[in-house]
Structure formats: C-alpha cells, structure tokens
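User: I would like to go through this model and see what backs each label. Please give the reasoning step by step.

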Amino acid sequence: MKCLPNEEQLKCGFIDFAQLAVELIERSESNTKYLKFAAVNAQVALELFLKYIYTRNGKVTEIQRHKKALPQNDFVEFAQILNHYYSQRRWSYGARREFVSLMETRNSIIHRAQKTEWDIELATSVVRTLFFIHSTWNSEFGESLFERSYGLPNSLAYNKVWRQGVDSFVDRLAGDHDTEVWTCLDCSQYTVVTGEFFGLNGAEGPEYLICLNCFKSINTEGEARLIKCFECHEESFIVDAYNEQDLQFYVGKCSECGVNGRVRLCRNCDEFYHPINGEVFIEGNYCCSNECAECLSDEVV
Ligand SMILES: [Zn+2]
Ligand SMILES: [Zn+2]
Ligand SMILES: [Zn+2]
C-alpha cells in the first residue's frame, strides 16, 4: 500500500532535484538541449518542496486526497497544491502564474516531447524557481539551498542564463520591498541586497550585504562599512574596516561609481570619513570635524 513520504524524504528529494537543476542550467549555456532537463528538475524540486512545507508545518492533510471525507495516502494534483499555497499567503518569493507555466512546460516536455527549443524566459524561470525554494526555506525555517561563497566567485556567476535569472529575481524582490540594490565588487553584477531580504548560510541578518549572483557577502558591522561616496554621493562606498594603514587610513571602493580611495577613521567619534570633505589635524590625530577635534583636545587636557 502507498504511504506518504516523511519530511526527511521530501527534503532530500527537493534538494537533489534543485541541485541538479543548477548544474543543468549551467550546462545549458553551451548546449541548449539541457534546458528541458533543467526545467523538469526545477519543477519536480518545486513540487517536492511545497509538499515538504506542508508536511513540516503539520498541515499535510490540507494537500491530501480525501475519499468520503477521509484522508488518503496520496497527494492532490500539483495545480491544487499551488492554488492552496497561494490562497494562504499575501506575498511570496515566486509568482503563482510562473509556477503554473513551469508545470505546463514540464508536461509538454515529458508527455509530448514539446517545448524543447531554447527559450530564455524558461531558462530564467528555472533560476527564479530555485531562488523561490531557497528564500522560502530560509525565511520560514532558517535553512538554505545555496551557501555563502568564500572563495573566488563560483563559475555560475559568469553564466549568462544564471545572471539573467538572478537579475530578474532581484528586480522583483527589490521592487516589492522597495529596497536598495548595490553592485557587487566581486562579480560586478547589480545584484547585491541586504540580509534583511535574503539570507545565506553564514550570512544572516540585516548587517550583511549579499550578492545573489556570486553569493559573496560582507558584514557591514564587521569587516566592512558602508558610507556615502565622496564622488557619486550614494551610500555605496565600502570600507575595508579590518585593514588599518598608516595615519588612520583605510582603503575603500564605491560599488556604484567604482571610485577607489582612502578614508580615515576619526580618532574621536570612530566613524569613517573622506578627508577630501574636510578634516582637522590636532595633536597628532586626524578628526572628521571641529567638534570632534575639540572633544579630543578636551580629553587630552
Ligand atoms: Zn557578486
Ligand atoms: Zn561612488
Ligand atoms: Zn569624528
């Protein structure tokens, strides 16, 4: 007799299918026939993921088939699961119509050998589906599909399909939440958001800036600070805060206009500032303003 999968089985399932979808989307750049396999894998991952969410929340009966009001050891159709999922939520990391279309595409691929030609909309939809799984899992249960990248940007970061998919996901996320987006200093994509809207293992919390394209992250209360740029005046000048040079200098770079420069850490208020905007030198110390210089000389006296 059929029995329903448990939480662990569903979790292993959606992770495996999602990871394979990532690999296939990467391969599809050089050989477009892989797109159809990526799409099928992403759809299966999504289906298993939604079943996992219901199972983990103890609400599996809501997506079980019923016979004479008795729950059966089987799930309702995926389209019904999708409808139910969206009827319970005001906002989601993915759009329902996109997932309906992915489901229809999957059916065309596996039942009719159709929809197998290259289609950039389908390719980016696969990427957005993977980000939906990652972000929903992360925001609801603190777990994640993708990991923070510590080394060089991963090879995916230079894959065109991946980049376009990530771009469109970030666009929607930023639009819905009216949040700022920065350019990544590692991969140069305009895909960095704060940890308030996107979490990665090892980079969780609003103090992080995370690139969704290459998964690099910086902690703006730790190794880096974000200050206003002296050139373009955006809040996008990133200071390497753990690397003090001579004369209270630290190096930094603007993620918007690309200007490099050295900033100082005020000896009094401990804030970084651009010397070009004015500073005061007093008793061997650099300060950001007259007020800070006065405070500092009061302390010395
Ligand atoms: Zn990046
Ligand atoms: Zn700038
Ligand atoms: Zn100061």
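Analyst: Start with the domains. The centres of domain 1 and domain 2, taken over C-alpha atoms, are 49 Å apart. Domain 1 covers 1-141 and domain 2 covers 224-300. The model is a predicted one.

User: What makes the largest nonpolar core lie between domain 1 and domain 2?

Analyst: Both domain 1 (1-141) and domain 2 (224-300) give residues to this core, so it lies between them. The core has 76 residues. Ala21, Ile25, Ala45, Val126, Leu130, Ile133 and Ile210 have the most contacts inside it. Helix α2 (residues 34-56) gives the largest share, 13 residues.

User: Which residues does Ala21 touch, not counting those up to four places away in sequence?

Analyst: Ala21 touches Ala38, Asn41, Ala42, Ala45, Val126 and Leu130. The test for such a contact is C-beta atoms within 7 Å.

User: How do you know that β9 and β10 pair?

Analyst: Pairing needs at least two bridges between the strands. Strand β9 (residues 260-265) and β10 have two bridges, in the antiparallel sense. The cut-off is at least two, so β9 and β10 count as paired. Leu265 stands opposite Phe272 in β10.

User: And what joins β6 to β7, and β7 to β8?

Analyst: Four bridges join β6 to strand β7 (residues 237-240), and the two run antiparallel. Three bridges link β7 with strand β8 (residues 249-254), also antiparallel. With a cut-off of at least two bridges, both pairs therefore qualify. Val239 has a place in both pairings: in β7 it is the bridge partner of Arg225, and it stands opposite Gly252 in β8.

User: Why are β6 and β10 called edge strands?

Analyst: The sheet is open, with five antiparallel strands in the order β6-β7-β8-β9-β10. β6 (224-227) and β10 (272-273) each pair on one side only. That is what makes them edge strands.

User: Which strands are the edges of the three-stranded sheet?

Analyst: This open sheet has the order β3-β4-β5, with antiparallel pairing. Its edges are β3 (192-194) and β5 (217-219), each pairing on one side only. Neighbouring strands are turned by 20° against each other on average, direction ignored.

User: How do you know that β4 and β5 pair?

Analyst: Strand β4 (residues 208-211) and β5 share three bridges in the antiparallel sense. The cut-off is at least two, so the pair passes. Tyr208 stands opposite Asn219 in β5.

Definitions and conventions
Residues numbered from 1 in each chain as written. Chains lettered and ligands numbered in written order. Predicted model: local features only at pLDDT ≥ 70, side-chain atom pairs only at ≥ 80, totals over all residues. Domains from an automatic or database assignment. Core = buried A, V, L, I, M, F, W, Y, C linked by C-beta atoms within 7 Å. Buried ≥ 20, exposed ≤ 12 C-beta atoms within 10 Å, placed from the backbone. Contact = placed C-beta atoms within 7 Å. Axes fitted to C-alpha atoms, helices over the stretch in contact; angles between N-to-C directions.
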